[in-house]
Amino acid sequence: MAYRWTNDLTAADVTPKSVFMNRRQIMAGAAGLGAIAFSATQAAAQDALEPNTLEDITTYNNYYEFGTGKDDPAKNAGALVTSPWSIKVDGLVDNPGEYSVADLLDGLDIEERIYRFRCVEAWSMVVPWNGVELADILTRAGVQSAGKYVAFETVVQPENMIGVQRGVLDFPYVEGLRMDEAMHPLTMLATGIYGEPLANQSGAPIRLVVPWKYGFKSIKSIVRITVTDTRPTTTWNKINAREYGFYSNVNPEVSHPRWSQASERRIGGGLFAKRQDTLMFNGYDEVASLYDGMDLTAEF
Ligand code: MTE
């Protein structure tokens, strides 16, 4: 895997390759492929991904149901009603139903995973998520062999959502993954950040996190998970297919039609902080094989 290092980056700007290797081992451990001792190098690996503050993470958001400004979700998402909450699991599964979050996660360990998060708008953060692997939920649901994709849908509470009242997008917000992406051990359903339940603006009570894809794939406040045999519609693709493809993999070599994706600005670094090179798949090279043989300039 060739990273696009540039020689003007400091150690603080990038995570060295050795650290990625260590993180891979952490992920392998997290995936249940074998318990590993938490060594000093692994601790260093986590340190290298210095998380943003909770303040940064909960005040600079995209959640169009609550407005289009970055500070709108923090201002307006207090109105979201997150309890009771139920998630419909349907489509090509053996165990369809309406599940509470507690039932959906019953018996699963909530893990912490520190992930880079890269928005298509070329800003990024590092977020310590708490949650479970989506794969565990799908396995419980009993994905049938005809299931090729997973579709997700966000709640619509028009009375509580100013962006819905204003019709800023076609709601509900919808997203989708190919089955192998959905089953990948990096893909999470998150219920918390820094050990606290998700703030409403972060997608309470449960959201998707797909760290190698642009942030818009990580759909918030999920009420429906549908296994299907056809590629799901996604909100941003529906609005502008030329700018937002189905795959949405972080790819510094494929520019957004209106701006470059080669670098990113880390939120919290201050206005004059140096931009960082964007890494292919946001640095998560363990997913590269999912896209073997695909032309990633056509399938963006
Ligand atoms: N989910 C819903 N329901 N509505 C949205 O507007 N915005 C997406 C994604 N999930 C969005 C959403 C976009 S564009 C990004 S970059 C991330 O959420 C932002 O997540 P964050 O606010 O937790 O950083």
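Of the 300 residues in this protein, 53% are buried. Keep in mind that what you're looking at is a predicted model. Its secondary structure adds up to nine helices and 12 strands. The chain also folds back on itself a good deal: take the contacts between residues at least 6 apart in sequence, and 71% of them join residues at least 24 apart.

Let's start on the inside. In soluble globular proteins, nonpolar side chains tend to be buried together. Here, the largest nonpolar core has 71 residues, and the ones with the most contacts inside it are W129, F152, L189, I206, L208 and W212. Strand β4 gives this core its largest share, five residues. To get a feel for the packing, click on F152. Setting aside neighbours within four places in sequence, F152 is in contact with a whole list of residues, including L134, Y173, L177, L208, I219 and I225. That list isn't purely nonpolar, either, as E175 and R224 are among the contacts of F152 too.

Now for the empty space. Rolling a probe the size of a water molecule over the atoms shows where such space is left. The largest pocket has a volume of about 470 Å³. Its lining is made of 29 residues, and N62, Y63, C119, G215 and F216 lie nearest its centre. Sorted by type, the lining residues come to 18 nonpolar, six polar and five charged. And β4 turns up again: this strand, residues 123–133, supplies the largest share of the lining, four residues.

So what does β4 look like up close? One residue in this strand is S124. Is S124 buried or exposed? With a relative accessible area of just 1%, S124 falls under the 20% cut-off, so S124 counts as buried. The side chain of S124 makes a polar contact of 2.9 Å with the side chain of E264. Beyond residues up to four places away in sequence, S124 touches F117, R118, E264, R265, R266 and I267.

Just before β4, in the loop that follows β3 (111–118), you'll find A122. A122 isn't a glycine, yet its phi is positive, at about 75 degrees. A122 is buried as well, with a relative accessible area of 7%. S248 is another non-glycine residue with a positive phi, this time about 55 degrees. Look for S248 in the loop between α9 (235–239) and β11 (263–266); S248 is buried at 2% relative accessible area.

Two other loops hold cis peptide bonds. One joins S83 and P84, with omega about 0 degrees, and P84 sits in the loop between α4 (72–76) and β1 (86–91). The other runs from F171 to P172, with omega near 0 degrees, and P172 lies in the loop between α7 (162–165) and β6 (174–178).

Finally, try a pair of residues for contrast. V210 is in the loop between β9 (207–209) and β10 (222–228), and at 1% relative accessibility V210 is buried. The C-alpha atoms of V210 and Y115 are 9.1 Å apart, though 95 residues separate them along the chain. Apart from neighbours within four places in sequence, V210 is in contact with L177, T187 and S218. E196, in strand β8, is partly exposed, at 47% relative accessibility. From E196 to W129 is 9.4 Å, C-alpha to C-alpha, with their places 67 residues apart in sequence. Not counting residues up to four places away, E196 touches N130 and T191.

Terms used:
Residues numbered from 1 in each chain as written. Predicted model: local features only at pLDDT ≥ 70, side-chain atom pairs only at ≥ 80, totals over all residues. Heavy atoms only, no water. 1 Å grid on protein atoms, 1.4 Å probe; cavity = no way out; pocket = protein on both sides within 12 Å on 5 of 7 lines; lining within 4 Å. Points joined across faces, edges and corners; volume = space filled by probe spheres on them. Nonpolar A, V, L, I, M, F, W, Y, C, P; charged D, E, K, R; others polar. Core = buried A, V, L, I, M, F, W, Y, C linked by side-chain atoms within 4.5 Å. Buried < 20%, exposed > 50% of the residue type's maximum accessible area, 1.4 Å probe, protein only. Contact = heavy atoms within 4.5 Å. Polar contact = N/O pair within 3.5 Å; in protein donor to acceptor, adjacent residues only side chain to side chain.
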